[in-house]
Amino acid sequence: MILTDWAKNRFAKDLYATRQTGVTIELADIETETGRPVGHAICSVVLRPEHRNAAGAVMGGVFFTLADLSTAVAMNMVECANAATIEESMKLHWVTVNSSITFIGQPRGEVISAEAICRHMGETSCLYQVDIKDGDYLVAEVMVSGHRLD
């Protein structure tokens, strides 16, 4: 819970995702299953009428914004959680350099979530897979490449 609270505080200034789109950080943690620590995050959004296009479908930008924030949180978890100072913990160490989204279906409910899972973590590059779901129903998948800034 401490890491999730930190992430909510750190990314509160991401106003487009948090205020305009309404993305909420549900979980931010560190996993060590791969032998080295990697970030993991789950974010969600309650769908509103303004998230829909003229045909009534959820706009692609909603999916992308949800995936983008969940990946930003996950990519930055390890360095920020281990920072020696508050100022250092607020610094972004990783940024997205490429994203590819595949739309699979439209949500059936009113809440969608995105889970960012690390597939590769190198010294200067990383790869995350983001599954966007409506419950157990996969609606989109995003592959995100990241680059270390420092």
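The legends below describe an overall view and several close-up views of a predicted model.

**Figure 1. Overall view of the protein chain, with 4 helices and 6 strands.** Along the sequence, these elements follow the order α-α-β-β-α-α-β-β-β-β. The C-alpha trace spans about 50 × 25 × 25 Å along its principal axes. The radius of gyration of the protein chain is 15 Å, in agreement with the value near 15 Å for a compact globule of 150 residues. Of the 150 residues, 41% are buried. Among contacts with a separation of 6 or more, 61% join residues 24 or more positions apart.

**Figure 2. The largest nonpolar core, made up of 38 residues.** Leu66, Leu69, Val73, Ile112, Tyr128, Val130 and Ile132 have the most contacts inside this core. Two or more residues each come from α1 (2-10), β1 (24-31), β2 (38-46), α3 (60-81), β4 (111-121), β5 and β6 (137-148). The largest contribution is that of α3, which gives 11 residues. In soluble globular proteins, nonpolar side chains tend to be buried together.

**Figure 3. Surroundings of isoleucine 132, one of the residues with the most contacts inside the largest nonpolar core.** Residues up to four places away in sequence are not counted in this view. Isoleucine 132 touches Phe63, Leu66 and Ala67. Its other partners are Ile112, Ser113 and Ala114, together with Tyr137, Leu138, Val139, Ala140 and Val142. Of these partners, Leu66 and Ile112 are also listed among the residues with the most contacts inside the core.

**Figure 4. Glutamine 129, a buried residue in strand β5.** Strand β5 covers residues 125-134. Glutamine 129 has a relative accessibility of 14%, so it counts as buried. Its side chain makes a polar contact with the side chain of glutamate 141, at 3.1 Å. With neighbours within four places in sequence left aside, glutamine 129 is in contact with Glu115, Ala116, Ile117 and Arg119, and also with Glu141, Val142 and Met143.

**Figure 5. Threonine 65 in helix α3.** The relative accessibility of threonine 65 is 9%, and the residue therefore counts as buried. A polar atom of the threonine 65 side chain lies 2.8 Å from the backbone oxygen of glycine 61. Beyond its neighbours within four places in sequence, threonine 65 is in contact with Tyr16, Ala17, Thr21 and Val23.

**Figure 6. The buried residues of helix α1.** Thr4, Trp6, Ala7 and Arg10 are buried in this helix. Seen down the axis of α1, the buried residues fall within an arc of 160°, so they line one face of the helix. Helix α1 is also among the elements that give two or more residues to the largest nonpolar core.

**Figure 7. Cysteine 118 and cysteine 126, two buried cysteines without a disulfide between them.** The sulfur of cysteine 118 has that of cysteine 126 as its closest cysteine sulfur, and the separation of 6.3 Å is too far for a bond. Seen from cysteine 126, the closest cysteine sulfur is likewise that of cysteine 118. A disulfide would require the sulfur atoms to be within 2.5 Å. The structure holds 0 disulfides. Cysteine 118 counts as buried because its relative accessibility is 14%, and cysteine 126 counts as buried at 4%.

Definitions and conventions: Residues numbered from 1 in each chain as written. Predicted model: local features only at pLDDT ≥ 70, side-chain atom pairs only at ≥ 80, totals over all residues. Heavy atoms only, no water. Buried < 20%, exposed > 50% of the residue type's maximum accessible area, 1.4 Å probe, protein only. Polar contact = N/O pair within 3.5 Å; in protein donor to acceptor, adjacent residues only side chain to side chain. Contact = heavy atoms within 4.5 Å. Core = buried A, V, L, I, M, F, W, Y, C linked by side-chain atoms within 4.5 Å. Arc of directions from axis to C-beta. Rg over C-alpha atoms; globule rule 2.2 N^0.38 Å.
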